[in-house]
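Here is a friendly walk through a few local features of this model. Keep the viewer open as you read.

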Amino acid sequence: MSLKYAIVGTGAIGGYFGGRLAEAGKDVHFLLHSDYEHVKHHGLKVDSVEGNFHLTEVNCYASSKEMPVCDVVLVCLKTTQNYLLKEILLPLVSENSLVILIQNGFGLEAELAKYFPKMNIAGGLAFIGSGKIAPGHILHTDFGRINIGMFQGEGLDKLEEIKNDFADSKVQIELTKNLVKARWQKLVWNVPYNGLCVVMNCTCDKLNAQPDMRTLVRDLMMEVVEASVACGYPLSPDAADKMLAHTDSMTPYSPSMKLDFDHKRAMEIEAIYSLSIKEAAKCGYAMKKVEMLEKQLKFIQANYYQTP
């Protein structure tokens, strides 16, 4: 029997990956907020380097209370909205459902497990260049892979089925046995580029092109690598250089935190910076440059609406 999917958060990530599943004929149900009326009447449009598509008929909902119980719940909200999950998830899940947090940051699954200690929980890390450019309209410019690993409960067999469903949908899924290490790996990219693109008000390619900023990007990456070693999840010593080269190959890109800054929305400072800094400190490692960037971002966010 085919899996029934719920997409919680139909933005740059949920809109793309959920859209791909739906385009391939999978049973997908989308939870929307501001875009609900638009998608209900006009569908979901995706412009992609892998091929454009337009879903004219979408199973869309304004409330999770109206949605069916699903086998797989893909949480694609910004982590700044995770306080809503206690209410959102209850109508969507049974004891056999698998909830996958496809979000940036550290320690997210443990936070969710505090409220749902018996829930089947996995984590997902999206390696993709995408953004929502208009209501119900997603632009996909680069990559499009997800790493998924179990955090607690049952779900390994279901992950294989999910992997096959995504393969049918032109999306590569890689399964990892070490979710915590995978989250440290993603932080190697997220920590420097998300924060510095806000502080310097630029795109990733501009940082890499300027020698001093490229050095700072690498220094921040190396603090993440060294923190991973201190915490017992050692990344490769060349992880920073590989990530720099990977970013050099990307289309000029504004990461999600830069887009939040541009629209004066809450930034994912806690999930990407504060939680990893605290975890490293518990293991005896001080992420001094990362902590400085965290403080700068908090200052910028606190002064969004201040006038000179």
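## Asn-178 and its loop

Asn-178 counts as partly exposed, because its relative accessibility is 31%, and the band for that class lies between under 20% for buried and over 50% for exposed. The model is a predicted one, so please read the values here as computed from it.

If you want to find Asn-178 in the viewer, look in the loop that links β10 (172–175) to α6 (179–199). Gly-149 is a good partner to select with Asn-178: the C-alpha atoms of the two are 6.7 Å apart in space, while 29 residues separate them in sequence.

## Two positive phi values

Which phi value does Lys-170 have? Its phi is near 70°, which is positive in a residue other than glycine. Lys-170 sits in the loop between α5 (156–168) and β10. With a relative accessible area of 52%, Lys-170 is classed as exposed, since that class begins over 50%.

Asn-201 is another residue other than glycine with a positive phi, in this case near 55°. You will find Asn-201 in the loop between α6 and α7 (204–209).

## Strand β1 and its partners

Now turn to strand β1, residues 4–8. Four of its five residues are buried, so the strand is mostly covered.

β1 pairs with strand β2 (residues 27–31) through five bridges, and the two run parallel. Within this pairing, Lys-4 has Asp-27 in β2 as its bridge partner. Helix α1 (residues 14–23) joins β1 and β2 in a β-α-β unit, and that unit is right-handed.

β1 is also joined to strand β6 (residues 72–75), here by four bridges and again in parallel. In this pairing Ile-7 stands opposite Leu-74 of β6. As a reminder when you inspect side chains, those of a regular strand alternate between the two faces of the sheet.

## Where α8 meets α12

How do the axes of helix α8 and helix α12 cross? The axes of α8 (residues 211–230) and α12 (residues 288–302) come within 8 Å and cross at roughly 115°. That makes α8 roughly perpendicular to α12, because the range for this class is 65 to 115 degrees.

On the α8 side, the contact is made by Asp-219, Leu-220 and Glu-223; on the α12 side, by Lys-288, Lys-289, Val-290 and Leu-293. Sorted by class, the contact of α8 with α12 holds four charged and three nonpolar residues, with no polar ones.

Technical notes: Residues are numbered from 1 along each chain as its sequence is written. This is a predicted model: local features need pLDDT of at least 70, side-chain atom pairs count only at pLDDT 80 or more; totals for chains, interfaces and linings use all residues. Side-chain values use heavy atoms; hydrogens and water are left out. Axes are lines fitted to C-alpha atoms, for helices over the stretch in contact, and angles run from 0 to 180 degrees between N-to-C directions. Angles under 35 degrees count as roughly parallel, over 145 as roughly antiparallel, 65 to 115 as roughly perpendicular and the rest as oblique. Contact means heavy atoms within 4.5 Å. Ala, Val, Leu, Ile, Met, Phe, Trp, Tyr, Cys and Pro count as nonpolar, Asp, Glu, Lys and Arg as charged, and the others, Gly among them, as polar. Buried means under 20% relative accessible area, exposed over 50%, partly exposed in between (1.4 Å probe, protein chains only). Two strands pair if DSSP finds at least two bridges between them. A crossover is right-handed if, with the strands pointing away from the viewer, the path from the first strand over the helix to the second runs clockwise.
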